[in-house]
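Thanks for coming, everyone. I'll take you through one structure in a few minutes. Please have a look at it first.

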Amino acid sequence: MTLTQLRYLVAISDAGLNITQAAEHVHATQPGLSKQLKQLEDELGFQLFARKGKSLASVTPAGQQVIDRARMILAEARNIRAIAANLRGDQEGELAITTTHTQARFVLPSAIAELKRLYPAIGVHLKPHGDAQVMGLFERGEADLAIISTTGTAPGDGVAVPLFRWRRVVVVPRAHALAALRRPLAIEDLIGQPLVSYESSLRPESSLRRVFEDAGATPNFACTSRDADLIKTYVRAGLGVGIFAEMALADEDARDLAVLDAAGLFPECTTWLVLRRDRVLRAYAASLAGLIAPQLDPRDLQRALNGEAPAAWPQPPYWRDRADGGYAPAARVA
């Protein structure tokens, strides 16, 4: 039995028993993968998959037990390699990040650019998705870390570290009637207005939706998108009132968009870094956390992964109060 065979086995399971897709994922040939699978089954003395002709039809009960154990073995092998790489001071590696389009577009570029300056040999792989999909990718092991926002408690899976807090902004074209308001915006001003906001606002648990429901109303979404730039585009096209994260508001937007005073109207959000408990943190991943949130101590991150989380993380700053506007240069973590 080899780690390669176990990796192929897990790849087949993750590919929905599609041998061709699994082979592509592990950069192997289909005949080579099939041969390794047969050798593993011959050694174990039972079938891991039920067959239908030449195709795999289902995972056998015994096969499922082996797959579950194989995942654990592969995870620990990866951790051993990470420990060795950190001790050697290796500057090469891969970092897979799953996050929302807003974080990927407006928060991460400067931090990743600085990370690449510190660690030029690493490969960074961004996987932007909608809020509902980010944690799913993380939980399936398809990313080393997740960056996601909530309005309430921390995400439940992994080690959640608060990075910064932010608020929503409300924008309209400068010719819009609401642009003439000389007072803070009230929810009554938005009831009945066509809204342009994030796709996640359609979900029943959306905090934006709850604000309307608490006022006895239902939000009227004219258009939704995962991309804040698209939200602004459709606000400019006259589809409605835009509501999105303040990080996505650029200086040039002031040329044709009016930002309404919506202080306190919607709950504030916290952006979290979520790390896997079953994965040793590479030094460059800790550096990325420090670039986004300079208040964090990388040693606390590693201790948290070891089950020794601090009693309280430092209070995350508000995004708009960060003097550097995006990241603070940090030293390479040894």
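Let's start inside the largest pocket. Its lining divides into 21 nonpolar, eight polar and 16 charged residues. Keep in mind that this is a predicted model. In all, 45 residues line this pocket. Five of them lie nearest its centre: His-25, Arg-78, Gly-141, Asp-144 and Arg-279. Which elements build the lining, giving two or more residues each? There are helices H1 (3-14), H2 (19-25), H4 (61-88) and H10 (283-292), plus strands E3 (93-100) and E4 (122-129). H4 gives the largest share, with ten residues. And the space itself? The pocket holds about 1,600 Å³. As a general point, rolling a probe the size of a water molecule over the atoms shows where empty space is left.

Now the second largest pocket. Its volume is about 770 Å³. The lining has 33 residues. Nearest the centre you find Asp-131, Ser-149, Thr-150, Ser-200 and Arg-203. Look at the classes here: 18 polar, eight nonpolar and seven charged residues. Several elements supply at least two lining residues each. The helices are H5 (101-118), H6 (131-139) and H8 (207-214). The strands are E5 (145-150) and E8 (194-198). H6 makes the largest contribution, four residues.

Two of those elements deserve a visit. Take strand E5. Is E5 largely enclosed or open? Five of its six residues are buried, so the rest of the structure largely encloses it. Now its neighbours. E5 pairs with E3 in the parallel sense, over three bridges. In that pairing, Thr-99 has Ile-147 of E5 as its bridge partner. Remember that E3 also helps line the largest pocket. E5 also pairs with strand E12, residues 269-275. That pairing is antiparallel and runs over six bridges. There, Ala-146 stands opposite Val-274 in E12. One general reminder while you look: in a regular strand the side chains alternate between the two faces of the sheet.

Next, helix H8. Which of its residues are buried? Ser-207, Leu-208, Arg-209, Val-211 and Phe-212 are. What do these buried residues pack against? They pack against strands E7 (168-173), E8, E9 (220-225) and E10 (241-245), and against helix H7 (187-190). Look at the N-terminal end of H8. Ser-206 caps it. A side-chain oxygen of Ser-206 lies 3.3 Å from the backbone nitrogen of Leu-208. Go past the helix, and just after H8 comes Gly-216, with a positive phi of about 75°.

H7 came up as a packing partner of H8. It contains Asp-189. Why does Asp-189 count as buried? Its relative accessible area is 16%, and buried means under 20%. The side chain of Asp-189 makes a polar contact of 2.9 Å with the side chain of Arg-183. Leaving out residues up to four places away in sequence, Asp-189 touches Leu-178, Leu-181, Arg-183 and Pro-184.

Now for two backbone oddities. Most residues other than glycine have a negative phi. Leu-17 is not a glycine, yet its phi is positive, about 70°. Where does Leu-17 sit? Leu-17 lies in the loop between H1 and H2. His-27 also has a positive phi, near 55°, and is not a glycine either. His-27 sits in the loop between H2 and helix H3 (30-44). Buried or exposed? Leu-17 is buried, at 15% relative accessibility. His-27 is exposed, at 75%.

Let's step back to the whole protein. How many helices and strands does the protein have? Eleven helices and twelve strands. The C-alpha atoms fill a box of roughly 75 × 50 × 35 Å along the principal axes. Of the 334 residues, 47% are buried. One last number concerns contacts with a separation of 6 or more: 73% of them are between residues 24 or more positions apart.

To recap the pockets: H4 leads the lining of the largest one, and H6 leads in the second largest. That's it from me.

Conventions: Residues numbered from 1 in each chain as written. Predicted model: local features only at pLDDT ≥ 70, side-chain atom pairs only at ≥ 80, totals over all residues. Heavy atoms only, no water. 1 Å grid on protein atoms, 1.4 Å probe; cavity = no way out; pocket = protein on both sides within 12 Å on 5 of 7 lines; lining within 4 Å. Points joined across faces, edges and corners; volume = space filled by probe spheres on them. Nonpolar A, V, L, I, M, F, W, Y, C, P; charged D, E, K, R; others polar. Buried < 20%, exposed > 50% of the residue type's maximum accessible area, 1.4 Å probe, protein only. Contact = heavy atoms within 4.5 Å. Polar contact = N/O pair within 3.5 Å; in protein donor to acceptor, adjacent residues only side chain to side chain. Pairing = 2+ DSSP bridges.
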